[in-house]
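Dear colleague,

Please find the structure handed over below, together with its sequence. The notes that follow set out what was found in it.

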Amino acid sequence: MKAYELGPQNGLESLNQTTRPDPVAGPGEAVLKVRYVCLNNRDLQILEGRYGTKKAEDRIPFSEGVGEVVSVGEGVSGIAVGDRATLAHFVSWIDGPFEMRYFGVDLGTSLDGWMAEYVKVPAAALVKIPDAIADEQAAPLAAATLTAWHAVVEVGQVRAGDLVVALGTGGVAMAALQIAKANGAFVAITSSSDEKLEQARKLGADYTVNYATHPDWAAELQRQTGGRGADIVVETGGQHTLPQSINACAVNARIVIIGVGSADGPLPNYGGIIGKNITLKGIAEGSRAMLARMVRAMEATGFAPVVDRVFDYDQALDACQYLKSGSHLGKVLIKVS
């Protein structure tokens with residue numbers, strides 16, 4: 001099969017094409033013919049050697065995609081040849097609360113990922129994609145969209161009429177917008193680009209704030225909403241944006257921390273956290289059970305990830321460079337087959 005490898009991880013250009021023997025499903029495993037791969041920022045961090053220690057140079061990268069099951073090993077049930085499926089990249093997190101050990105079994109880092117014609121995975125981790133969901137909608141589900149679902153629904157416990165604030169216009173923020181609107185919530189989006197904010201409004205955002213022209217964006221949001229605070233903040237910026245996120249909150253709000261930016265210095269706005277009774281919770285992607293619930297909700301309500309652009313298989317490096325440029329709004333895909 002055709003495949004890509006991480007290479008020396010000294011920049012995006014370390015990504016290189018190669019060939020590998022086709023994978024064979026062992027007991028409890030399934031092999032999928034890859035249809036689409038979806039890129040995430042952590043994929044770029046891995047290629048640039050900025051995501052923990054460097055990985056094996058022959059590791060097949062990228063942690064998210066969709067494919068068709070072409071073979072299953074002994075003892076597999078619940079998934080069959082011909083099914084379209086995806087899986088969360090922490091493949092051993094099936095259900096229940098997070099455990100640190102899940103970090104050790106991770107597609108695209110400790111296990112070969114999606115950037116090949118075929119991928120072999122634990123069958124128990126797979127979630128079947130229903131016919132109502134197209135391949136391009138399914139490819140971005142298992143990382144950024146699942147993370148947004150975890151934040152807004154599983155932790156945030158979103159209710160109709162809530163105000164959800166999502167920082168930026170990347171994959172997680174756009175997925176949070178779609179999920180929150182599907183649950184009847186109001187949504188506010190922040191960005192430094194008026195053009196991207198206009199696109200966010202077309203996708204359903206009720207409030208938008210340009211933090212470049214309004215550095216105190218929390219105050220501007222409070223002005224736009226008549227003093228209403230956020231019930232849920234999808235915090236993708238990191239510690240440097242956390243003070244504003246706290247300022248934007250209503251009493252009893254939930255801030256769900258996803259961003260892995262700078263974490264230097266003391267926790268900001270300590271008094272605001274206590275005074276408003278705010279809950280702060282860090283999350284990592286989500287479990288198979290969460291993914292299955294999200295897919296059912298997507299089938300029922302019709303919400304779908306925002307896809308910005310699709311590249312061909314041989315344009316994988318171009319796709320990475322485009323994602324790094326920050327020009328995208330939503331997800332960047334690579335069509336494999």
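In helix α3, residues A144, T145, T147, A148, W149, V152 and V153 meet G171, V172, A175, A176, I179 and A180 of helix α4, where contact means heavy atoms within 4.5 Å. The residues of this contact comprise 10 nonpolar, 3 polar and no charged; Ala, Val, Leu, Ile, Met, Phe, Trp, Tyr, Cys and Pro count as nonpolar, Asp, Glu, Lys and Arg as charged, and the others, Gly among them, as polar.

Please note that this is a predicted model, in which local features need pLDDT of at least 70 and side-chain atom pairs count only at pLDDT 80 or more, while totals for chains, interfaces and linings use all residues. Residues are numbered from 1 along each chain as its sequence is written, and side-chain values use heavy atoms, with hydrogens and water left out.

Helices (H or I, at least four residues) and strands (E, at least two) are DSSP runs, numbered from the N terminus. The axes of α3 (residues 141-155) and α4 (residues 171-182) come within 8 Å and cross at roughly 50 degrees; axes are lines fitted to C-alpha atoms, for helices over the stretch in contact, and angles run from 0 to 180 degrees between N-to-C directions. The crossing angle therefore makes α3 oblique to α4 (under 35 degrees counts as roughly parallel, over 145 as roughly antiparallel, 65 to 115 as roughly perpendicular and the rest as oblique).

Turning to the sheet, 6 strands form an open sheet in the order β10-β9-β8-β11-β12-β13, with parallel pairing; two strands pair if DSSP finds at least two bridges between them. At the edges stand β10 (207-210) and β13 (279-282), each with a single partner strand, so one side of each has no neighbour in the sheet. From one strand to the next, the twist averages 15 degrees.

Strand β12 (residues 249-257) runs parallel to β13 and is joined to β13 by 4 bridges. Within this pair, V256 stands opposite K281 of β13. Helix α4 packs on the sheet, touching β8 (163-167), β9 (186-191) and β11 (230-235), and its direction makes about 165 degrees with that of β9. Helix α6 (residues 217-224) lies across β8, β9, β10 and β12, running at about 150 degrees to β10.

Finally, N252 belongs to strand β12. Leaving aside neighbours within four places in sequence, N252 is in contact with K276 and N277.

Yours faithfully
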